[in-house]
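Let's take a walk through this structure, one feature at a time. Have the sequence and the 3D view ready.

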Amino acid sequence: LASSCVEGACTGAGKEAFFELPVAPKLGPEGRLDRLVPTGDGGWLLLGTSWEGKEGAPQKNYAWTTRVDASGATQWQVEHLSAANRSEVAAVAALVYGSHILVAEAQAPNNNHTDIHLLAMSTAGNPSWKRTITKAGTAVDLPHALIAQADGGATLVASSMLGVNHDAWIVRTDLAGETVWQLTVGGGKSELPQDGVGLKDGSVVALGWTEAVIGELRLGWAMRADAKGNLLWQRAVGSGGKGRELARAALMPDGDIIGVGTSKDAVGAHGWLVRLRPDGTLLWQRKSPTLDSGRGVHISTDGRIVGVGEQFIPLSPSKGLLRAFDGLGNPQWQTTLKGDGLVLNGLRALTDGGLALVGRKDVAGKAQGLFVRSDGWGHTTCGKAGKCGSKKPADCDDGIPCTADGCNGKDGCQHAP
């Protein structure tokens with residue numbers, strides 16, 4: 001990966017700098033990747049779900065963690081049974097402290113109750129300790145985000161379910177994985193967090209969706225808990241249409257929170273982007289005019305909002321969708337990745353201006369994880385990058401807020417009105 005692209009040609013070591021690699025699970029013959037976490041040495045933790053049987057109605061679900069190096073080569077992977085003959089997703093989240101990995105995953109070894117297991121291991125995959133975090137009286141507990149804290153502990157953004165109702169459940173742990181405090185938000189209706197971010201004061205903001213009455217329209221939802229486990233605020237986000245859900249969150253340099261998800265109307269599903277102040281104030285929201293979904297978001301080194309998801313095309317296979325926005329939510333550029341069953345679920349913007357992406361893609365009729373390394377515009381080969389190969393997004397910024405700055409491999413920087 002010492003090579004780079006200049007005007008469509010590989011330079012340096014002469015090895016292709018970008019790639020699209022399938023990642024196959026061991027136990028579940030099929031799987032998908034939802035998140036990725038850098039390990040600090042150029043490698044990555046890839047997090048997702050594998051399964052046996054039919055997707056959506058599997059015989060077995062597994063929480064799936066894979067460690068890869070900078071070239072995408074698999075170093076090790078672990079899969080733990082999350083549910084059998086049940087449709088719950090095998091949720092998994094992780095963070096890295098130097099040579100120490102902390103993974104939170106859903107496990108149900110006896111299939112009677114899905115608990116959250118907090119696993120500490122080395123970057124070589126060797127286990128150090130395990131803690132079980134479970135909530136009395138519930139049937140399914142799922143982890144959705146794991147946020148590092150300054151003292152070496154972590155804050156877990158989770159959900160608990162009894163019957164058909166979900167409650168948001170925030171758990172603070174110490175360095176040894178022991179529970180320091182926990183906070184439940186809900187009661188009488190569903191509040192289901194899907195992701196969370198940590199603020200500088202140790203507080204946590206979680207995003208997801210709320211449903212006042214089971215079966216009625218969902219609304220986007222957000223909450224904030226302080227460093228001691230007190231609820232500071234919660235609020236519904238967005239209104240109208242046929243329902244809205246927030247799926248992932250990212251933190252802007254000024255402390256604002258970006259949420260990405262899906263907004264539904266009579267036509268179908270559309271990607272949805274929001275920006276919130278730390279006090280919960282909604283600054284703006286944007287809905288995509290096309291049929292697609294928002295599944296992941298990250299902030300690039302130059303402050304752009306980069307999101308991934310799925311583009312829906314009537315009577316045709318969907319495409320993996322990658323797009324960027326400025327701080328006001330104005331679209332900058334958009335790229336799609338094609339392939340059978342290809343969906344993008346998560347991403348990280350890199351310091352070199354490139355992107356690392358995860359998702360799923362069908363290989364020989366089976367769903368497999370997908371790991372992608374691209375340039376800053378979503379091009380996955382030097383040939384596709386062309387004149388964009390040597391340019392970061394900031395290089396094409398004309399400084400005019402009302403233009404969408406992009407890059408075309410043939411012609412270079414573009415500035416659309």
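Start with an open sheet of four strands, ordered β3-β30-β29-β28 and paired in the antiparallel sense. The strands here are DSSP runs (E, at least two residues; helices are H or I, at least four), numbered from the N terminus, and two strands pair if DSSP finds at least two bridges between them. At the edges stand β3 (19-23) and β28 (343-349), each with a single partner strand, so one side of each has no neighbour in the sheet. On average, neighbouring strands of this sheet are turned by 25 degrees against each other, direction ignored; the axes behind that angle are lines fitted to C-alpha atoms (for helices over the stretch in contact), and angles run from 0 to 180 degrees between N-to-C directions.

Before going further, keep in mind that this is a predicted model: local features need pLDDT of at least 70 and side-chain atom pairs count only at pLDDT 80 or more, while totals for chains, interfaces and linings use all residues. Residues are numbered from 1 along each chain as its sequence is written, and side-chain values use heavy atoms, with hydrogens and water left out.

Now look at the edge strand β28 and β29 (residues 355-363), which pair in the antiparallel sense over six bridges. Valine 343 stands opposite arginine 360 in β29. The side chain of arginine 360 also meets that of aspartate 362 in a salt bridge (2.6 Å, N to O). A salt bridge here is a side-chain nitrogen of Lys or Arg within 4 Å of a carboxyl oxygen of Asp or Glu. Arginine 360 is buried at 12% relative accessible area, whereas aspartate 362 is partly exposed at 26%. For those words, buried means under 20% relative accessible area, exposed over 50%, and partly exposed in between (1.4 Å probe, protein chains only).

How many salt bridges does this rule give? The count comes to 19. One of them joins arginine 275 and aspartate 256 (2.9 Å, N to O). That pair links distant parts of the chain, 19 residues apart: arginine 275 is in strand β22 (residues 269-276), and aspartate 256 is in the loop between β20 (243-251) and β21 (257-264). Arginine 275 is buried at 9%, and aspartate 256 is buried at 1%. Both residues belong to a salt-bridge network of Asp254, Asp256, Arg275 and Arg277.

Another salt bridge runs between aspartate 292 and arginine 323, with the closest N and O atoms 3.0 Å apart. It links strand β24 (residues 292-299), home of aspartate 292, to strand β26 (residues 316-325), home of arginine 323, with the two residues 31 apart. Aspartate 292 is buried at 0% relative accessibility, and arginine 323 is buried at 11%.

Now for the cysteines. The whole structure has two disulfides, a disulfide being a pair of cysteine sulfur atoms within 2.5 Å. Cysteine 388 is joined to cysteine 407 (S to S 2.2 Å). Cysteine 388 lies in the loop between α1 (382-385) and β31 (404-408) and cysteine 407 in strand β31, so the pair ties together parts 19 residues apart in sequence. Both of these cysteines, 388 and 407, are buried.

Cysteine 396 and cysteine 413 form a disulfide too, with sulfur atoms 2.0 Å apart. The torsion about their S-S bond is about -70 degrees, so this disulfide is left-handed.
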